[in-house]
Amino acid sequence: MASISDVKRRLPGEFIEFIYEEFSAGTADKMLYSFMGDRYTTLRVNTIKYDINSLMEYFKKENIKFDRVPWYKDALIIKNADEKDLEKLDVYKNGYIYIQSLPSMIPPLVLDPKQGEKILDMTAAPGSKTTQMAAMMNNEGYILANELDKIRCERLKYNVELQGAKIVEVINGRGEQLGEKYKEEFDRVLLDAPCSGEGRFNINDVKSYRFWSVKEVNRLSNLQKKLLVSAFKALKKGGILVYSTCTLNKKENEEVVDWALNNLDLEIMDIDLKINGAIQAFSEGFNKSISKAIRVLPSKELEGFFVCKFKKK
């Protein structure tokens, strides 16, 4: 079994320094402990094709043990099977379930898309949030799902089709350009931004942290601001915008949100979900309303995540 010292030795030194600067030693230790191994496999039922009660009955017959998720009735934490085991099941092959990390389910819940609305998912692959939103909308309305990477875009199309999300149109383009092309066309916009992925670090998977550097964090922060401008332009007045990342640093989270408040006509809204393991975003040195955003701390069940809900004035 790895130790905290192993984690400190393997992960980038500047990242470790940041964790201990920003969080209490106890919290920082817990976070590093979560990077030691695999998290539980989690999933949601695809309500376009199936329902949670039928799924729980099916899992009981298959001797698959699970826990419910208090803040999301359609999600389960699987206790005795991993992704590979689940992929062999009919419910997976038929698109009745979607294997997805729990924090990744939060941004669509916060965005709260309604039947008949027009939604933009700016960086959509592999489609976990896109298909979740289609299910939340009962497959009524319209979702434009954009992805820059051609290979990831194909994966997005495949998942949209498998899940039966008929209201989704997939496009392959630059998110920074969508605002000019679709000015004030969308009721709600989801920007689950490209990020440095610190909340998903795993010392057994070198790919999860290999490309991390302070330079890369700065590059991503600049890209996130450009994407936010584009999201703002595409959003109708009075519309809702959710900004999220699966990273932990302030540069890509609070600093980006603070910049948006200073440069775009946006206000931050409260997030009503009560999630165990979520804390208020940091507001010291920033606009005080940023404390309404949430930061999910990485644990055995949760990847690290950041979510902020805006309204266009």
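How many of the residues of strand E3 (residues 72–78) are buried? In this predicted model, strand E3 is mostly covered, with 6 of its 7 residues buried. Two other strands pair with E3: strand E1 (residues 41–45) does so in the antiparallel sense over 4 bridges, and E2 likewise pairs with E3 in the antiparallel sense over 4 bridges. In the pairing with E1, threonine 42 stands opposite isoleucine 77 in E3, while in the pairing with E2 it is arginine 68 that stands opposite leucine 76 in E3. The connection from E2 to E3 takes the form of a hairpin, with 2 residues between the two strands.

The nonpolar interior was examined next. In soluble globular proteins, nonpolar side chains tend to be buried together. The largest nonpolar core of the model comprises 38 residues, and those with the most contacts inside it are Trp71, Leu102, Ile106, Ile143, Val168 and Val307. Helix H7 (residues 106–111) supplies the largest share of this core, namely 4 residues. When residues up to four places away in sequence are not counted, tryptophan 71 touches Leu102, Ile106, Leu109, Leu273, Lys274 and Ile275. A second core, separate from the one just described, has 33 residues and includes Met122, Leu235, Leu264 and Phe286.

Helix H3 (residues 25–34) offers a view of burial at the level of a single helix, its buried residues being Ala28, Met31, Leu32 and Ser34. These residues lie on the same side of H3 because they cover an arc of only 155° around the axis. Lys30 and Tyr33, on the other side of H3, are exposed. The partners against which the buried residues of H3 pack are helix H1 (4–10) and helix H2 (13–22).

Aromatic contacts were then considered. A pair of aromatic rings is described by the distance of the centres and the angle of the planes. The count for the model comes to 13 aromatic pairs. One of these is formed by phenylalanine 15 and tryptophan 212, an edge-to-face arrangement with 6.0 Å centre to centre and 65° between the planes. This pair links distant parts of the chain, since phenylalanine 15 belongs to helix H2 whereas tryptophan 212 lies in the loop between strand E8 (186–192) and helix H11 (214–234), 197 residues apart. Both partners fall below the 20% limit for burial: phenylalanine 15 counts as buried at 0% relative accessibility, and tryptophan 212 counts as buried at 13%. For tyrosine 58 and phenylalanine 59, the ring centres are 6.0 Å apart and the planes stand at 55°, so the pair is tilted. Tyrosine 58 is buried, with a relative accessible area of 18%, and phenylalanine 59 counts as buried at 0% relative accessibility. A single aromatic cluster is formed by Phe15, Phe18, Phe23, Phe35, Phe201, Tyr209, Trp212 and Phe282.

Lysine side chains also approach aromatic faces. Lysine 118 lies over the face of phenylalanine 186, at 5.4 Å from the ring centre, and lysine 312 lies over the face of phenylalanine 232, at 4.3 Å from the ring centre. Lysine 225, found in helix H11, is buried, with a relative accessible area of 19%, a value that lies under the 20% cut-off. Beyond residues up to four places away in sequence, lysine 225 touches Val256 and Trp259.

Several backbone features occur in loops. A cis peptide bond, with omega of about 5°, joins alanine 125 and proline 126, and proline 126 is located in the loop between strand E5 (118–121) and helix H8 (128–136). Although asparagine 63 is not a glycine, its phi is positive, at about 60°; this residue is placed in the loop between helix H4 (52–61) and strand E2 (66–69) and is exposed, with a relative accessible area of 59%. Glutamate 184, again not a glycine, has a positive phi of about 50°. The position of glutamate 184 is in the loop between helix H10 (178–181) and E8, where it is partly exposed, with a relative accessible area of 34%.

Technical notes: Residues are numbered from 1 along each chain as its sequence is written. This is a predicted model: local features need pLDDT of at least 70, side-chain atom pairs count only at pLDDT 80 or more; totals for chains, interfaces and linings use all residues. Side-chain values use heavy atoms; hydrogens and water are left out. A nonpolar core is a set of buried Ala, Val, Leu, Ile, Met, Phe, Trp, Tyr and Cys residues joined through side-chain atoms within 4.5 Å. Buried means under 20% relative accessible area, exposed over 50%, partly exposed in between (1.4 Å probe, protein chains only). Contact means heavy atoms within 4.5 Å. The arc is that of the directions from the helix axis to the C-beta atoms. Rings of Phe, Tyr and Trp (its six-membered ring) pair if their centres lie within 6.5 Å; planes under 30 degrees apart count as stacked, over 60 as edge-to-face and the rest as tilted. A charge sits over a ring if NZ of Lys or CZ of Arg is within 6 Å of the ring centre and within 35 degrees of the ring normal. Two strands pair if DSSP finds at least two bridges between them.
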